[in-house]
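Hi,

Here's the structure I said I'd pass on. Have a look at it first, then read my notes below.

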Amino acid sequence: MTDSKAEAPGEAGQPPTGAATGSLAHRARGLSGLTLLSRVLGVVREQVFARLFGAGMYADALIVAFRVPNLLRDLFAEGALSATLIPALGRARAKGGDAETARVARAVLSAILLTVGALTVLGILFAPALVDGIASGFAEGTDGAVKRAETIRLTRILFPFLLVLSLAAVVRGVLNTYGSFSTPALGPPLANALAISVGGGLLLSGTGTTEAATGWALALLAGGIGALAIQLPALRRTGLRVVPDLRMRHPELGRILRQLAFAAIGLAAVQVNIFVGTTLASQLAEGSVAALNYGFRLVYLPIGVIGVAIATVSTVDVSRQLSGGDVHAAAKGLAASIRLTASLSLPCAVGLWVLSDPVVRLIYEYEAFTAEDTRRAAIALRGYGVGLLFYAITKVQIPACYALGRERLPMLGAFLSMAGFTTFALLTYQTLGVLGLAIGTSIAAGLNAGVLALGLRTSLPGGGAVLRGLALSVALSVAMGGVIAVLLPLLEGAWGFDRVLPRLATVAITIAAGGGVVLGGGSWLRMPEAKETLRALRIGRSRGA
């Protein structure tokens, strides 16, 4: 998929070019490729981070400092805002064309600038209270005062990240509405590349740990600014005038803000659970916060490549179909998105479980990152991997809820999932450690996805047999896991895992074998999702030739 130029504005009600053509996997392929690039660079960024800070005091401090603005970003900048803004812009475009779309975008941009700007100022002012609330255990021990002070300082540097990415999310929503997906997706890989470059420079210069932490925080903030700036030329090409308008007068704004409030609660499930988990992990052995972060970072790679990419395209499609009154097409499209998401995420979950130690060792175990750090991060990875399917599916489900106007449904799922996580985590974190916190997060994601599935089934009936596709994906994933479990010890026994190349070869060969089982078996079973994935991959290769 290419979109070097966003679709030119056209007549009122005209759908974005290509919005309804081509398979879902085909149209999500370009976005998935950029998301994969971003996630791979994110893993490299984490490698640099691990080499700089290991899993000790400054690693914990930076992770907690980034946790608060990152939590609010997922609520107000990316997840929640995208879930509500794209359907609203679609309605505006269908009703009044480009002029109406621009008016809605200006009103939302102004509201975000005021509210999130105020939150940013408050976050900087009250950083000590936030840090004490999130990581109360940081103040304990002989180095507790230093750890707490550094976490507060880094939090203040990183908090403006929230405002920058919130503004970028509004621009991205406009571009997605006009059929431009790849241009906004360029921001994250460029931000990661900047952090890698800065981190590499810090490693080579031998900068002290305190100065390195400051440089790392500033690099993350600069990356956010770049993610906003890279979208502005594409926005200008649409011809829309999207600038702040402090009057904020538009009848659609009240509906968007109301849905945004519900969306903030609905999409908070995973992040609030991580927030609580951070507080509990700060009371465990040093490095536990970092281990959970390293594990979730690896799980989030397939979530982004699969769930986020499919959801981005699916949200535009479902919103357009519902705006046109075609409920049956919206139901079929949503079911197809869920089946495709499951067919790709279930094998990833099983693969990460079986390959947890080799993957963590390959990516992180260098210099300051020890074998014990690998063991603990791999445990967290297995716990988070249990819920990978549910994390990915909710990325597709939640925007559909807001397109339908069922904003209370995600809120209900969020309350249930948070209650489930809190109960499980409090009962198990002292005995199971990071594993209990990771599995608790997965259980919460499953509860959330289950509530959303039941609610959407009543609103969009007749979408197709999702359960059959899930059953086949489970069977293929189990078979794949068996093949990898047999192959892994043979490879490690043949050439060991002490050096980089044997580690890389082991992971690459087992992943290739597992992918062959899933795609080959899916084709033999005539699964539409397997054929669609293979067709998208073939198209990608032929264009790249």
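**What turned up**

R148 is partly exposed, with a relative accessibility of 27%. Keep in mind that this is a predicted model.

R148 has a salt bridge partner, D132, and their closest N and O atoms are 2.7 Å apart. D132 sits in helix 3 and R148 in helix 4, so the pair ties together parts that are 16 residues apart in sequence. Like R148, D132 is partly exposed: D132 has 33% relative accessibility.

Right beside R148 in the numbering there's K147, which makes a salt bridge with D60 at 3.2 Å, N to O. Here the link runs from helix 2 (D60) to helix 4 (K147), so the parts being tied together are 87 residues apart in sequence. Are these two buried or exposed? D60 is buried at 2% relative accessibility, and K147 is buried too, at 9%.

For a bridge inside one helix, try E372 and R375, with N to O at 2.6 Å. They are three residues apart in helix 15, about one turn of the helix. Across the whole structure, the search finds twelve salt bridges.

Now for something without a salt bridge: S288, in helix 12. S288 is buried, at 3% relative accessible area, and a polar atom of its side chain lies 2.7 Å from the backbone oxygen of A285. Beyond its neighbours within four places in sequence, S288 touches A281, R376 and V434.

Last stop is the surface, where L119, V121, L122, L125 and F126 form a nonpolar patch with about 470 Å² of accessible area together. F126 is in the loop between helix 2 and helix 3.

Cheers

Note on methods:
Residues are numbered from 1 along each chain as its sequence is written. This is a predicted model: local features need pLDDT of at least 70, side-chain atom pairs count only at pLDDT 80 or more; totals for chains, interfaces and linings use all residues. Side-chain values use heavy atoms; hydrogens and water are left out. Helices (H or I, at least four residues) and strands (E, at least two) are DSSP runs, numbered from the N terminus. Buried means under 20% relative accessible area, exposed over 50%, partly exposed in between (1.4 Å probe, protein chains only). A polar contact is a pair of N or O atoms within 3.5 Å; within protein, one must be able to donate a hydrogen and the other to accept it, and residues adjacent in sequence count only if both atoms are side-chain atoms. Contact means heavy atoms within 4.5 Å. Patches are made of residues with over 30% relative accessible area and no salt bridge: like charges are joined within 9 Å, nonpolar side chains (Val, Leu, Ile, Met, Phe, Trp, Tyr) within 5 Å. Accessible areas come from the Shrake-Rupley method with a 1.4 Å probe; for residues, only the protein chains shown count as cover. A salt bridge is a side-chain nitrogen of Lys or Arg within 4 Å of a carboxyl oxygen of Asp or Glu.
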